[in-house]
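Got the viewer open? Let's take a walk through this model, one selection at a time.

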Amino acid sequence: MADSKHPFDVLVAGGGNAGLCAAISARRAGAQVLVLESAIKDFRGGNSRHTRDIRYMHGGATNYVTGAYPEKEFWEDLRQVTGGETNERLARLTIQASEDLGDWMAASGVRWQKPLRGTLHLARTNLFMLGGGKAMMNAYYDTAARLGVQITYETEVHELKIRDGELRSAVGSCNGASQEFTAKAIVIASGGFEANIPWLKEYWGDAADNFIIRGTKHNQGTMLKELLEHGAKPVGDPRGCHAVALDARAPKFDGGIVTRLDSVPFGIVVNKEVKRFYDEGEDFWPKRYAIWGGLIARQPDQIAYSIVDAKALPHFMPSVFPPIEAGSIAGLASTLGLDPKTLVAVVDEFNRAVRPGTFDPGSLDSCRAEGLDPPKSHWARPIDTPPYYGYPLRPGITFTYLGVTVDEQARVIMQDERPAKNIFAAGEVMAGNILGKGYLAGFGLTIGSVFGRIAGREAARRATA
Ligand SMILES: Cc1cc2nc3c(=O)[nH]c(=O)nc-3n(C[C@H](O)[C@H](O)[C@H](O)COP(=O)(O)OP(=O)(O)OC[C@H]3O[C@@H](n4cnc5c(N)ncnc54)[C@H](O)[C@@H]3O)c2cc1C
């Protein structure tokens, strides 16, 4: 543990992307910085270590992106996925400030890889980190250490001593011992509350027992709760979360990216009663994958099954767990524990509803299944080529949207609408200001990086004034 008698200029609670962006920025602005991180060193980096790519505004193709992604298009994409449920000021600020992220991240040790092609549809809009989020976080920790940022692991901040909207100190626990850290400002970058199942149950009931948490078990929302109890103004739907279709065989926590299943647009999905419940081909997967967790969460026992045939298999990312395979639909149903007769009937009905079209996984193609409820708008082809494959699906919670309100300086806004004097927030803990609902792939890192840098700079300004 760091020396708690030594007062720091800036404390950062949470050592993920937002926390490290804040710590590096605060240190570069001349502040003495201490990062307090719950996890052990090997598991540092929170959910950020599972990431692969970041969305940013840019004017043209480079070695790492295939073309321009202008502000207008970025904003339109965001407006569309959120249905307008976004704070436009903060959203536009995020988009505009994302423009130099590629350079800033590279200057902080991150390396890029060549654009990825295929069904992800992100080669133009998103930069991919060489080595993924783990390499990115290692680069940030190295940079922070070189700059003189102090890090203390295995330290969960569980109490904020706040008076009149001003932080006096933060109390952390390490191996059962409490320690108080004083500082002139704090950046809260401790993620959402997605790993706190009892808290999720307040909004989802017992269904939350069947949720799988894709990231760190340390995002318990302790800081979010503290801030809300001290009068911070909440933002975002408490039930709102980024949740994907995950292989039901994934571990309860920290399975990361590989347990996600991208098979949905290329087949059908049924619940345990063998009913389809949503248009599997509504839009490109990067614009829809994040709603599928929520859709499955609303099904009986929070389980669903993705059914595809042999010709679909090459079109999505290989799964980490092999699919369940059978030579017939009835055989597949039996192995999955579904009623064989019903699944055969559902697949037959679907196959009959498929209209002739030209299959193209790279566009919103003309392959539709019509006259069904729900229809399938694109990529609908008869499921008729054995072997047949099935994946059991569970809601995979990526992060929650409930957070604290912030302003353009990343200051936490209190319920009387005044900003807290020296408390800043960045990352998942404030993402709900911008993501009222929906998601754009790669935008979680954008929000955390932009607001992490702002929070670090502003906290340093406040602390060193
Ligand atoms: C599997 C997966 C893949 C993803 N892929 C992408 C992607 O490719 N691109 C993208 O943009 N987004 C992606 N996301 C979302 C992205 O991870 C988040 O939006 C982003 O990383 C959030 O950063 P953060 O710093 O706010 O939180 P985190 O990175 O989760 O960091 C929070 C940190 O705070 C620590 N902490 C929590 N509570 C306390 C406490 N009380 N005291 C001290 N420390 C505490 C945690 O241990 C953790 O290290 C993905 C998420 C997951 C789970």
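Two strands pair if DSSP finds at least two bridges between them. Strands (E, at least two residues) and helices (H or I, at least four) are DSSP runs, numbered from the N terminus. You're looking at a predicted model, where local features need pLDDT of at least 70 and side-chain atom pairs count only at pLDDT 80 or more, while totals for chains, interfaces and linings use all residues. Residues are numbered from 1 along each chain as its sequence is written, and side-chain values use heavy atoms, with hydrogens and water left out.

**Stop one: strand β14**

Select residues 304–309, which make up strand β14. Now bring up β13 (residues 268–271): 4 bridges join β13 to β14, and the two run antiparallel. To see a matched pair, click Val270, whose bridge partner in β14 is Tyr305. Next add β16 (residues 388–400), which pairs with β14 in the antiparallel sense over 6 bridges. Here Ala304 has Leu393 of β16 as its bridge partner.

Is β14 buried or exposed? Buried means under 20% relative accessible area, exposed over 50%, and partly exposed in between (1.4 Å probe, protein chains only). In β14, 6 of the 6 residues are buried, so the strand is largely enclosed by the rest of the structure. Flip between its faces: Ala304, Ser306 and Val308 sit on one side, Tyr305, Ile307 and Asp309 on the other, and all are buried.

**Stop two: a three-stranded sheet**

Select β3, β5 and β4, an open sheet of 3 strands in the order β3-β5-β4 with antiparallel pairing. β3 (53–55) and β4 (112–113) stand at the edges with a single partner strand each, so one side of each has no neighbour in the sheet. Zoom in on β4 and β5 (residues 126–129), which pair over 2 bridges; there Gln113 stands opposite Phe128 in β5.

**Stop three: helices α2 and α3**

Color α2 (residues 71–82) and α3 (residues 88–97). They pack at an angle of about 135 degrees, with their axes 10 Å apart. Axes are lines fitted to C-alpha atoms, for helices over the stretch in contact, and angles run from 0 to 180 degrees between N-to-C directions. α2 and α3 are therefore oblique to each other (under 35 degrees is roughly parallel, over 145 roughly antiparallel, 65 to 115 roughly perpendicular, and the rest oblique).

Show side chains for the contact (heavy atoms within 4.5 Å): Glu71, Phe74, Trp75 and Leu78 come from α2, and Glu88, Ala91, Arg92, Ile95 and Gln96 from α3.
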